[in-house]
Amino acid sequence: MDDYDKTCLESALVGVCNIVQQEWGGAIPCQVVLVTDGCLGIGRGSLRHSLATQNQRSESNRFPLPFPFPSKLYVMCMANLEELQSTDSLECLERLIDLNNGEGQIFTIDGPLCLKNVQSMFGKLIDLAYTPFHAVLKCGHLTADVQVFPRPEPFVIDEEIDPIPKVINTDLEIVGFIDIADISSPPVLSRHLVLPIALNKEGDEVGTGITDDNEDENSANQIAGKIPNFCVLLHGSLKVEGMVAIVQLGPEWHGMLYSQADSKKKSNLMMSLFEPGPEPLPWLGKMAQLGPISDAKENPYGEDDNKSPFPLQPKNKRSYAQNVTVWIKPSGLQTDVQKILRNARKLPEKTQTFYKELNRLRKAALAFGFLDLLKGVADMLERECTLLPDTAHPDAAFQLTHAAQQLKLASTGTSEYAAYDHNITPLHTDFSGSSTERM
Amino acid sequence: MKIFSESHKTVFVVDHCPYMAESCRQHVEFDMLVKNRTQGIIPLAPISKSLWTCSVESSMEYCRIMYDIFPFRKLVNFIVSDSGAHVLNSWTQEDQNLQELMAALATVGPPNPRADPECCSVLHGLVAAVETLCKITEYQHEARTLLMENAERVGNRGRIICITNAKSDSHVRMLEDCVQETIHEHNKLAANSDHLMQIQKCELVLIHTYPVGEDSLVSDRPKKELSPVLTSEVHSVRAGRHLATKLNVLVQQHFDLASTTITNIPMKEEQHANTSANYDVELLHHKDAHVDFLRSGDTHSGGSSREGSFKETVTLKWCTPRTNSIELHYCTGAYRISPVDVNSRPSSCLTNFLLNDPRYKIDASLEIPLERAKDQLEKHTRYWPMIISQTTIFNMQAVVPLASVIVKESLTEEDVLNCQKTIYNLVDMERKNDPLPISTVGTRGKGPKRDEQYRIMWNELETLVRAHVSNSEKHQRVLECLMACRSKPPEEEERKKRGRKREDREDKAEQAVKEHGPEKPRPDSDRLKGILERGKEDLAEAEVIKDSPDSPEPPNKKPLVEMDEPPHMEKSKGPMSLLSLWSNRINTANSRKHQEFAGRLNSVNNRAELYQHLKEENGEEVGLTGGPRTSIPFLKCSHSPVVNRMETTENGKASRQ
C-alpha cells in the first residue's frame, strides 16, 4: 500500500480491502485495526467527504464498507473522548462501524495522552479481540489443556425464540471418531487452530511468573515439550487413520477435530464448529444417535470394511429421487405417454413395465383431476390394439383391451376404479402364465 | 433466521367450484407420432387441462420445490373449497409430503361442472385457512414447551395462497375483507385457548386465474397492508403454463431461493451410447448459497431488488469429481437443491449420478445412543500408555486377545477362556525364557534382565486387568487367573508385611470407595489390601527408577493423595551439598535426552497418585497411566486403533510411530 502525506481514510480502507481479498479471498474472517489521531482529513478524501458522498457511488468506486469478507473494524483513537466529542469526529467514526454492519468497536484514551494510557487502550483491544480461548480437550481419561485460536464467536440460533448467543464449552469432550469419507467435507461455521498448552496447578501457563528462577522456568518449558501430550497423539492418529473426531461443544452442539496440512511437511490439529442443533449434518442423522459401532448388531462397515451406513437415507425421498410426475411442460406428459406406448408395443414381454407406467400415469391424472387424459390414453391403447401385426402375441391384444377398459372406468372419476390406491393389474389369460414373470 | 416466520405455515386454498372445471384453453398434444409408422394414422385430438388441473399441478410443483429444499419445519396445509371446505391434510410432519397430498387430491377429484354455483364459494376455504393458521404446529408446540415462561417468543405467522377465478376487483376486496374479519374473530377465540395461537401476521396471496385468450376481470396489485396483521397481494394470471411460472416465482420469493445452472455436463446419448453431449441443469436452492459468490464476484453485495431478479441464475461449469479422493475440504455451506425441471433427462441424469454412491449402503437404522460412545471411551482409556516405549504388553502380539476384550463392558465365556489362554501362553513364554519387547531407549546397557522384564510385563498386564475388574464378575475371573499364574518377585511377601502398616492410607482409600462408588459393591477388605499392595509395588518401582540419574524432575501437577513416605530427592530449602548440585545438574541434562516414566509424569513432588479412579469411579482401581492398544470406540471402529502411540527417540523428542 502506498502512503501519502494526507489523511485519507477511505483510500486506506480500500487498500485493506484489496489486500485482504487478494491474500485470503472473501471467506476468511479478518480483524482490521485502524489507528488514528481522530482527525479525519480535510476537503476531498476526508472521511466527512467520503461519508457525505457514500450514497452517490458507482460500482467502480464503491465505498469499502462493509468489507466484502467477515470482519471486525477496530478504530484506535489517539485522543480522549472529550476531544473527539468536541467535533463530529466520533460520529463519523461511529458511522464507519455502522457501515460495517455494526461489526467493530471504537477505542479512545482514558485520561491524558501518554504512553501508559495508550498501552492500556491497546490492552483493552487485546483482551477483546486477541485473547485465546482456553479449553480442556478430553477423550475418556486422556486430557490436554489447549488453546483454541481464533476465539470461537458466539452463535445465535434463532434471533426470535432463542436470542441469547451460545458460546462453546471450555470442556471439549470427544464423543467418537468417524471416517473422513463418511463426514465428507461438512459445512462449518468457523475453523480454529487447536494448540496444546502446558498448565501448572494454578491453571496458569507454565513459565509465566510462578517461579522467579530463570533456569527453572526454562526447564519447565522443556519438560512441557517432552511430556507426552494427548493433542500430539490425537493429531497424529487422525492423520494416519484418515478420520475426524467428533467433539461435543455444548448442549446439542458439535464440532470436529481433524488434521489439516498447511504444507507438505507440516500439519495442524484443527477444530471446526458445526451449526448448533440435533442434526447438523443430515447425512449422519441425529448426533445423539451416533453411538459406537460395537453396539450395533451387525458391523455396519462390513467384515471387510468396504461398506458404510452413511449417507443415511431420508425417510421421505426428495422429488428427484422418487420419480415424481410433473406435466407442467408438455414434454413431461408426452414422455410419460410414450413410455406406455413403447411398452405396449412390446407386450407381452414388457407387461410389468407397461402396467407400472400405466398406473403411474393413472395416479397422477386422478390427483390432478385430469380425467380427459385417461380417456385419451384409453383411446390410444384401443387404436394400438387394432394396429397389432399378425405376428403379435395373442396376449398383447388382451392386455391392451383390458388396460384401455380399466382407464375408461377410472376416467369416470366416480367408480371404485377411480380410487387412487387401486392399481390396474395385468389380465390373467391362458397365455399370460409365463409372461407375467418376466420383467 | 427465524424458524417461525411467515413461511413456517403455508395454507393453499384452491377453488373447487364448477367454473374451475373450465378448460384453460391451452392444448397439449399427447399422441406424438412415433416414427416407423407408415400407415396414415390420424393422431388423437389434443386435450387441454382444466383451470382446476392447472391450479393443482402448479400448487404441487410449489410444494415439491419447498419440500425438497425444506423437508422439515416448513409446512403446508391444503384446502379445497366448493360448497364447503375440505381440509386435505394437517400440520403434522408425516402429512408433509407429495404422496399424501396427491392421494388426498385424488379423493376430491375434479370440480363437478354441473354443481349449483350458488352453493359454492372459495370463501369457505379462506375461513378454514384462517382457522387452520390458528392451530399450533408440532414445532411451535415443542418450542413453547422448551421455552417455558418465554413461550410467548414463539411466533404464529403464516401465508395463505388462494387460487381462484374471481369476478372483479370488488369480488377480490370482498375476499380480503372476509379474511381480515375472520382473523379478527379467530384471534379472539385463540386468546382463550391453550391449543390455538393468535395470528400475528398473515400474508394473503390471491391468485386470479382465467382461461388463455380471455380478458382478465381482475387487476394485479402489489403487497399492501390491510391491517397490522394482514397484508394482501393480487396476481392475475392466465392458466396453463403461465400459472405454473407464477407459482415458481412465488416459491422462490417466499422461501428466499435462488437459481444456479450447472453447465456443460457431459451425458451419454440415449440413442447413441458411445457419444456424449453436454447439457445444462438448473437448480433452485436457498439464496445464502450465493452469498460468498456475490462477495467475491462483483463486490456489489446482495441486491435488495426482490422482484425481477428471478431470471438471474448463477452459472457454474461442471467438473467431473474424482471419486477416489477422501480429503477433507473447507466448506462454508451446504444447501439442499431442487431441480427446476425435475423430470427432464438432463436433470434426472445429474441427480441419479449424484445419488448413486458406489459404496454399499445399509438399510438398517443405526440408532445407538451417543452416551454409549462416551462410556466406551472411558473404558478404553482407563489404561492407555501414550508412549510406545513405556509399554510392554501393547507391543506384544501375544497379549492382543486379552487386551482387545478386557475393555468390554461384559465378557462372554469364550472371552474369559481366551483371556485365560493368553495368560497361560505368557506363562509358557516366561518358562521358555522368550525375549520381551522391553524398550531400551533411554537406558544404558542392555536394559533390565529377563526375569525383571517379565515382572514389568506382568505388572503392566495386571494394571490393565485391574482397571476393568469391576466391569463384571467375569473380569474378576480373568484377574484371579492372572494372579494365580503370574510370576511373583521374591520380595513381594516382604513388601506385603510393610504394607499392612499403612493403615491410614487404606482407610483413606476405603473412604474414597465409599464416597464415590455407590453403584458397585464395595470391594472387600482383602481385595482392597491387594489393590494397595499393588500400589506399593508400583511406588517401589517408581522409586527404583527415580534413583537413577536418568530420571528428571517431574513437572508440577495438582497435589493428590497424601502419602506418609517422605519424598526422596527434593530440592531442600537449606544449603545444598556439592553432590546434590552436581546430581541435579546431571539429572536436568539427562532429562532432556529421554522420555519420562509415565507414573512420575503424573506425580507431584515425586508423589504419584495411585488408583486415581477410586476418587471418581465406581470404587475400581487403575494403574498410573492408561490405554490399551486395542480398538477404541469410534462411530466407526476399525481393527487398528485410531489413537496410536508416540515413539521416543534418543534425543528425547517424540516422533510419530
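Here is a friendly set of questions and answers about a predicted model.

Me: How is chain A divided into domains, and how far apart are the C-alpha centres of domain 1 and domain 3?
Reply: The domain assignment gives chain A domain 1 (9-130), domain 2 (133-157 + 166-208 + 216-295) and domain 3 (330-418). Taking the C-alpha centres of domain 1 and domain 3 of chain A, the distance is 72 Å.

Me: How many salt bridges are there over all chains?
Reply: A salt bridge here is a side-chain nitrogen of Lys or Arg within 4 Å of a carboxyl oxygen of Asp or Glu. By this rule, the count over all chains is 42.

Me: Which residue of chain B meets the side chain of Lys329(A) in a salt bridge?
Reply: Start from Lys329(A), in the loop between β11 (307-308) and α9 (330-344) of chain A; its pair crosses between chains, to the loop between β13 (337-339) and α8 (345-355) of chain B. Lys329(A) is partly exposed at 36% relative accessible area, and its partner also counts as partly exposed, at 28%. The N to O distance is 2.9 Å, and the partner is Asp341(B).

Me: How many residues apart in sequence are the parts tied together by Lys408(A) and Glu382(A)?
Reply: The side chains of Lys408(A) and Glu382(A) form a salt bridge, with N to O at 3.1 Å. Lys408(A) belongs to helix α12 (residues 394-411) and Glu382(A) to helix α11 (residues 371-386), both of chain A, so the pair ties together parts whose separation in sequence is 26 residues.

Me: Is Gly376(A) buried or exposed, and which residues does it touch?
Reply: Gly376(A) sits in helix α11 of chain A. Its relative accessible area is 7%, and buried means under 20%, so Gly376(A) is buried. Leaving out residues up to four places away in sequence, Gly376(A) touches Phe30(B) and Leu44(B).

Me: How far apart in space are Gly376(A) and Lys408(A)?
Reply: In sequence, Gly376(A) and Lys408(A) are 32 residues apart. In space, going from C-alpha to C-alpha, the distance is 9.0 Å.

Me: Which residues join Lys379(B) and Asp375(B) in one network of salt bridges?
Reply: The side chains of Lys379(B) and Asp375(B) meet in a salt bridge of 3.1 Å, N to O. Both are in helix α9 (residues 370-380) of chain B, and being four residues apart, they are separated by about one helical turn. Salt bridges that share partners join this pair into one network with Asp295(A), Arg372(B) and Glu409(B).

Me: Where does His468(B) lie, and which residues is it in contact with?
Reply: His468(B) is in the loop between α12 (450-467) and α13 (473-485) of chain B. With a relative accessible area of 0%, His468(B) is buried. Leaving aside neighbours within four places in sequence, its contacts are Lys379(B), Arg382(B), Ile406(B), Val407(B) and His475(B).

Me: Which residue has a backbone oxygen 2.8 Å from a polar atom of the side chain of Asn165(B)?
Reply: Asn165(B) is found in the loop between β6 (157-164) and α5 (169-191) of chain B, and at 14% relative accessibility it counts as buried. Among the residues Asn165(B) touches are Asp15(B), Tyr19(B), His208(B) and Tyr210(B). The backbone oxygen at 2.8 Å from its side chain belongs to Thr209(B).

Me: Which residues make the nonpolar surface patch of about 400 Å²?
Reply: One member is in helix α5 (residues 115-129) of chain A, namely Ile126(A), which counts as partly exposed at 47% relative accessibility. The full patch is made by Val33(A), Val35(A), Ile126(A), Tyr130(A) and Phe149(A).

Me: What is omega for the peptide bond between Phe310(A) and Pro311(A)?
Reply: Most peptide bonds are trans. The bond joining Phe310(A) and Pro311(A) is cis, and Pro311(A) is in the loop between β11 and α9 of chain A. Omega of this bond is about 0 degrees.

Me: What is the phi of Asn264(B)?
Reply: Most residues other than glycine have a negative phi. Asn264(B), in strand β10 (residues 257-268) of chain B, is partly exposed at 33% relative accessible area. Although Asn264(B) is not a glycine, its phi is positive, at about 60 degrees.

Notes: Residues numbered from 1 in each chain as written. Chains lettered and ligands numbered in written order. Predicted model: local features only at pLDDT ≥ 70, side-chain atom pairs only at ≥ 80, totals over all residues. Heavy atoms only, no water. Helix = DSSP H or I, 4+ residues; strand = E, 2+ residues; numbered from the N terminus. Buried < 20%, exposed > 50% of the residue type's maximum accessible area, 1.4 Å probe, protein only. Contact = heavy atoms within 4.5 Å. Polar contact = N/O pair within 3.5 Å; in protein donor to acceptor, adjacent residues only side chain to side chain. Domains from an automatic or database assignment. Patch = residues over 30% accessible without salt bridge, like charges linked within 9 Å, V, L, I, M, F, W, Y side chains within 5 Å. Areas by Shrake-Rupley, 256 points an atom, 1.4 Å probe, with all protein chains shown as cover.
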